[in-house]
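Grab a coffee and open your favourite viewer. Here are some exercises to work through, each with a solution you can follow step by step.

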Amino acid sequence: MVNTALKHHRKMMHISSVTDNDQAEKIPEEEFIMSGYAYEDLLTMVQSLAPRYQLIFNLYAIEGYSHKEIATMLEISEGTSKSQYSRARAILKNMLEEKEELYNERVIR
């Protein structure tokens with residue numbers, strides 16, 4: 001399944017709107033708790049990422065591939081893999097924080 005997804009991604013690579021950047025962004029390694037969220041909510045958030053971010057996030061965080069392996073599979077640099085994973089994490093973290101803020105606003109009212 002992963003290989004099929006990678007083949008599809010390589011064919012569609014030219015339409016990706018994400019730019020490659022060999023400089024990984026520095027994101028604090030603090031972990032945020034996701035146990036309070038429904039699986040469907042988390043899945044929807046991951047699926048809303050840009051295709052390249054989603055692919056790299058899935059390969060690294062879910063499938064367990066290293067950035068070096070991802071770089072080889074996608075024919076990108078290791079730094080690009082790290083950078084895009086870092087950006088995906090930051091986007092997901094912001095989504096979770098926004099969802100938390102909305103929840104807190106509703107509880108207070």
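The exercises below go from the whole chain to single residues, and the model they use is a predicted one.

**Exercise 1. Get an overview of the chain.**
Work out how many helices and strands the chain has, and what share of its residues is buried.

*Solution.*
- Start with the secondary structure: the count is five helices and zero strands. Read from the N terminus, that gives the order α-α-α-α-α.
- Next, burial. The chain has 109 residues, and 29% of them count as buried.
- Now the surface. About 7,700 Å² is exposed by the chain, with 53% of that coming from carbon and sulfur atoms.
- Finish with the contacts. Take those with a separation of 6 or more: 76% of them link residues 24 or more positions apart.

**Exercise 2. Find the largest nonpolar core.**
Say how many residues the largest nonpolar core has and which helix gives the largest share of it.

*Solution.*
- The largest nonpolar core holds 17 residues. Those with the most contacts inside it are Leu49, Ile56, Phe57, Leu59, Ile70, Leu74 and Leu92.
- Who contributes? At least two residues each come from helix 2 (39-47), helix 3 (51-62), helix 4 (67-74) and helix 5 (78-108).
- Helix 3 gives the largest share, with five residues.
- Zoom in on Phe57. Leaving out residues up to four places away in sequence, Phe57 touches Val46, Leu49, Ile62, Tyr85, Ala88, Arg89 and Leu92.

**Exercise 3. Describe how helix 3 meets helix 5.**
Are helix 3 and helix 5 roughly parallel or roughly perpendicular? Add which residues make the contact.

*Solution.*
- Take the geometry: helix 3 and helix 5 pack at about 100°, and their axes are 9 Å apart.
- Because angles of 65 to 115 degrees count as roughly perpendicular, helix 3 is roughly perpendicular to helix 5.
- From helix 3, the contact residues are Arg52, Tyr53, Ile56, Phe57, Tyr60 and Ala61. Facing them in helix 5 are Ser81, Gln84, Tyr85, Arg87, Ala88, Arg89, Ile91 and Leu92.
- Sort the residues of this contact by type and you get nine nonpolar, two polar and three charged.
- One of the helix 3 residues is Ala61. Its relative accessible area is 40%, so Ala61 is partly exposed. From Ala61 to Tyr85 is 24 residues in sequence, and 8.7 Å in space from C-alpha to C-alpha.

**Exercise 4. Do the same for helix 4 and helix 5.**
Find the crossing angle of helix 4 and helix 5, then look at His67: is it buried or exposed?

*Solution.*
- The axes of helix 4 and helix 5 cross at roughly 110° and come within 8 Å. That makes helix 4 roughly perpendicular to helix 5.
- Helix 4 brings His67, Lys68, Ile70 and Ala71 to the contact, while helix 5 brings Glu78, Ser81, Lys82 and Tyr85.
- By type, the residues of this contact are three nonpolar, two polar and three charged.
- On to His67, in helix 4. His67 counts as buried because its relative accessibility is 10%, and the cut-off for buried is under 20%.
- Setting aside residues up to four places away in sequence, His67 touches Tyr60, Glu78, Ser81, Lys82 and Tyr85. His67 and Glu78 are eleven residues apart in sequence, with 5.6 Å between their C-alpha atoms.

**Exercise 5. Compare two residues.**
For Glu75 and Leu96, decide which label fits: buried or exposed?

*Solution.*
- Glu75 sits in the loop between helix 4 and helix 5. At 63% relative accessibility, Glu75 counts as exposed.
- Check the backbone too. Most residues other than glycine have a negative phi. Glu75 is not a glycine, yet its phi is positive, about 60°.
- Leu96 is part of helix 5. With 6% relative accessibility, Leu96 counts as buried.
- Last step: Leu96 and Met45 are 51 residues apart in sequence, and 8.5 Å apart in space, C-alpha to C-alpha.

Note on methods. Residues are numbered from 1 along each chain as its sequence is written. This is a predicted model: local features need pLDDT of at least 70, side-chain atom pairs count only at pLDDT 80 or more; totals for chains, interfaces and linings use all residues. Side-chain values use heavy atoms; hydrogens and water are left out. A nonpolar core is a set of buried Ala, Val, Leu, Ile, Met, Phe, Trp, Tyr and Cys residues joined through side-chain atoms within 4.5 Å. Buried means under 20% relative accessible area, exposed over 50%, partly exposed in between (1.4 Å probe, protein chains only). Helices (H or I, at least four residues) and strands (E, at least two) are DSSP runs, numbered from the N terminus. Contact means heavy atoms within 4.5 Å. Axes are lines fitted to C-alpha atoms, for helices over the stretch in contact, and angles run from 0 to 180 degrees between N-to-C directions. Angles under 35 degrees count as roughly parallel, over 145 as roughly antiparallel, 65 to 115 as roughly perpendicular and the rest as oblique. Ala, Val, Leu, Ile, Met, Phe, Trp, Tyr, Cys and Pro count as nonpolar, Asp, Glu, Lys and Arg as charged, and the others, Gly among them, as polar. Accessible areas come from the Shrake-Rupley method with a 1.4 Å probe; for residues, only the protein chains shown count as cover.
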